[in-house]
Structure formats: C-alpha cells, structure tokens
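Open the model in your viewer, keep the sequence panel beside it, and follow the stops below in order.

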Amino acid sequence: MVFDVITIFPDFFRSILEHGLLKRAMVAGHVEVRLRDLRDFTNDRHRSVDDRPFGGGPGMVFKPEPIFRAVETLKAESRGANFPVILLSPQGRLLTQAVAEELARESRIVLISGRYEGVDERVAENLASDEVSIGEYVLSGGELAAAVVMEVVARLLPGVLGNEESCEQESFSSCGQSVGGRKHGMLDFPHYTRPADFRGLCVPEVLLSGDHEKIRQWRRKRALEKTWRRRPDLLQSIELNDEDRRILDQLQRAACEAPIQRD
Ligand code: 9D3
C-alpha cells in the first residue's frame, strides 16, 4: 500500500511514521508513505497555497492550482493506474471500520490535508474521488485525520499485525473486527494485569481461578453488560445466544428496581 500525503506540514507526519504500527508496517515493506509538500507545487515567488474567500468572510481558503498540480503529478507518475484521491474534510463521509476495510483493498491512496477555513470546492467536486471526515468535532486541519486514516487502513493489511491470513476470512481471529472494529460487535470486556491487589483494588477472583470456561462466561457477561449500559444501539446488530438473552433480561429487571445506575 502506498499513501501519498499532500500537506503543507510534511514534518507533522515524521514522528508518527517513526513509531508504532506505521513504522513497523513500513520497515516490513507493507506500507510506503510519500510526503508531498504542497508548496512544492506552487509557482509563485511566495509559494502561496491560500487566498481570501470569494464572497467575503473571515479566514483563508486553499487555492485549487497547487492541489490539482500535485495530484496530476502523481497521476502522471503512476501511468494510467487508477487510485482514490481522498480529501480530508469535515464535510466528508464518516470514517468507520467499514470504510477502512474498503480502503484497505486499494494499492495506492492519495490523501489531501487541508487547513484554514477550507479548500476551494473545485477540489472536492472535480479532483477528489472521495471526501472523508474522521468524526464530528472540529480539527484545525486534515493532518491528524490523514494520520488516522493511514493507521486504521495499515493495520488491516495482511501481514502488518503478524497475521498472514486476511481479516475478512477469519472473523474469530485476533484481528476479527466483525462490527465497527469490535470483536463480536460489542464493547470489550475489562482487562487486568498484576498486581492482583493494587492499593486494595482487587482483580475479580474468577480471573485468578484458572477455570477457562468460567472466565469465558464472565468476560462475555461483562462485555454484554457494558454494551447494554453505554452502547445499547450496538445490541441490535449482535447475534445473541440463550445465555446472552438471560443476562440481558437480568440487567433489564435490575434496572427496573434501581433505575439510575451509571457505569
Ligand atoms: C470552524 C471552521 N468551520 C466553519 C467555518 C469549518 C472548518 C473548516 C476546516 C472546520 C474545520 C476545518 C479543518 N478540519 C479538517 O480539515 C478536517 C476534519 C475535522 O475538522 N473534523 C473531522 N474530520 C476532519 S477531516 C479534515
């Protein structure tokens, strides 16, 4: 997978690419990231990438010419190969695990990070093939968003997490991200490590028992319980067995007796 990132802050990405998953994926040859400084595609003395908005208003807008020139340069390099050109923007479709899985099937992705008040609309309309937002909150620019897209896509690539098998085939495997990136489609169960007693806060007894069937049941129950309290919407898309339904019935009944319980 090749990511071409078009940005006015190529340095922003360097620390991200020198650590963790993306670094490992790059060293192992699964991922290549090419940082493209948008200012290299300007042709005025001041290397300007932005200008005042037509129609007035505060702030500045990214000019279309450097971005078009940058993408056209990449297209010329790849001699006819087709690849998605993604504009990171608050108006884009929301990034979900499903979108990440779709992008992971590509072999090359161009990511355009904007700044200021926005990007000239002709980029979204006539150059980008897709517009993606990473969530409903305001960032100062698309750099963090581009880094998020690279991370979520890279970790799905075969081999990157040490899993040679494809995540799609193995819905029960360690990379089985069946629904929204959550194993089994619900929130995770709680995790503990040593010490068993930390300042009097004790790890649940069952986890120390060595009884693997009991532990499995306890984890399923805690995952269901947390999902029911925090994300009841997720329960709609989960396949529940008889045991699950019994647990949820119990929770429902307890809630009627003590209606306010937060977790
Ligand atoms: C507060 C400014 N907004 C009204 C004028 C518009 C606006 C423009 C540009 C808001 C944010 C940005 C910069 N954000 C991104 O480029 C961005 C983003 C985001 O803000 N949230 C979630 N995903 C993304 S992807 C790119």
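Which strands each supply at least two residues of the shell around the ligand? To find out in this predicted model, select residues 85-94, which form strand 5, and then residues 130-133, which form strand 8, since these are the strands that each supply at least two residues of that shell. Keep strand 5 highlighted for a moment, as it gives the most to the shell, with 3 residues.

Next, show the side chains around the ligand, where 16 residues form the surroundings and E117, I134, G135, Y137 and L139 come nearest. If you colour this shell by class, you will find 9 nonpolar, 6 polar and 1 charged residues.

Now turn to the backbone and look at individual atom pairs. At Y137, a backbone N or O atom lies 2.8 Å from a nitrogen atom of the ligand, while at L139 a polar backbone atom is 2.9 Å from an oxygen atom of the ligand. Select G142 as well, where a polar backbone atom is 3.5 Å from an oxygen atom of the ligand. Taken on its own, the ligand has 570 Å² of accessible area, and the protein covers 74% of it.

Switch to a surface view at this point, and you can see the ligand sitting in the largest pocket.

Finally, zoom out to the whole chain and colour residues 2-154 as domain 1 and residues 177-257 as domain 2, the two domains into which the protein chain is divided. Measuring between their centres, taken over C-alpha atoms, should give a separation of 39 Å.

Key:
Residues are numbered from 1 along each chain as its sequence is written. This is a predicted model: local features need pLDDT of at least 70, side-chain atom pairs count only at pLDDT 80 or more; totals for chains, interfaces and linings use all residues. Side-chain values use heavy atoms; hydrogens and water are left out. Domain bounds come from an automatic or database domain assignment. A residue is near a molecule or strand if one of its heavy atoms lies within 4 Å of it. A polar contact is a pair of N or O atoms within 3.5 Å; within protein, one must be able to donate a hydrogen and the other to accept it, and residues adjacent in sequence count only if both atoms are side-chain atoms. Accessible areas come from the Shrake-Rupley method with a 1.4 Å probe; for residues, only the protein chains shown count as cover. On a 1 Å grid over the protein atoms alone, a cavity is a set of points where a 1.4 Å probe fits but cannot get out, and a pocket is an open set with protein on both sides within 12 Å along at least five of seven lines; lining residues have an atom within 4 Å of a point. A molecule sits in a cavity or pocket if more than half of its atoms lie within 2 Å of its grid points. Helices (H or I, at least four residues) and strands (E, at least two) are DSSP runs, numbered from the N terminus. Ala, Val, Leu, Ile, Met, Phe, Trp, Tyr, Cys and Pro count as nonpolar, Asp, Glu, Lys and Arg as charged, and the others, Gly among them, as polar.
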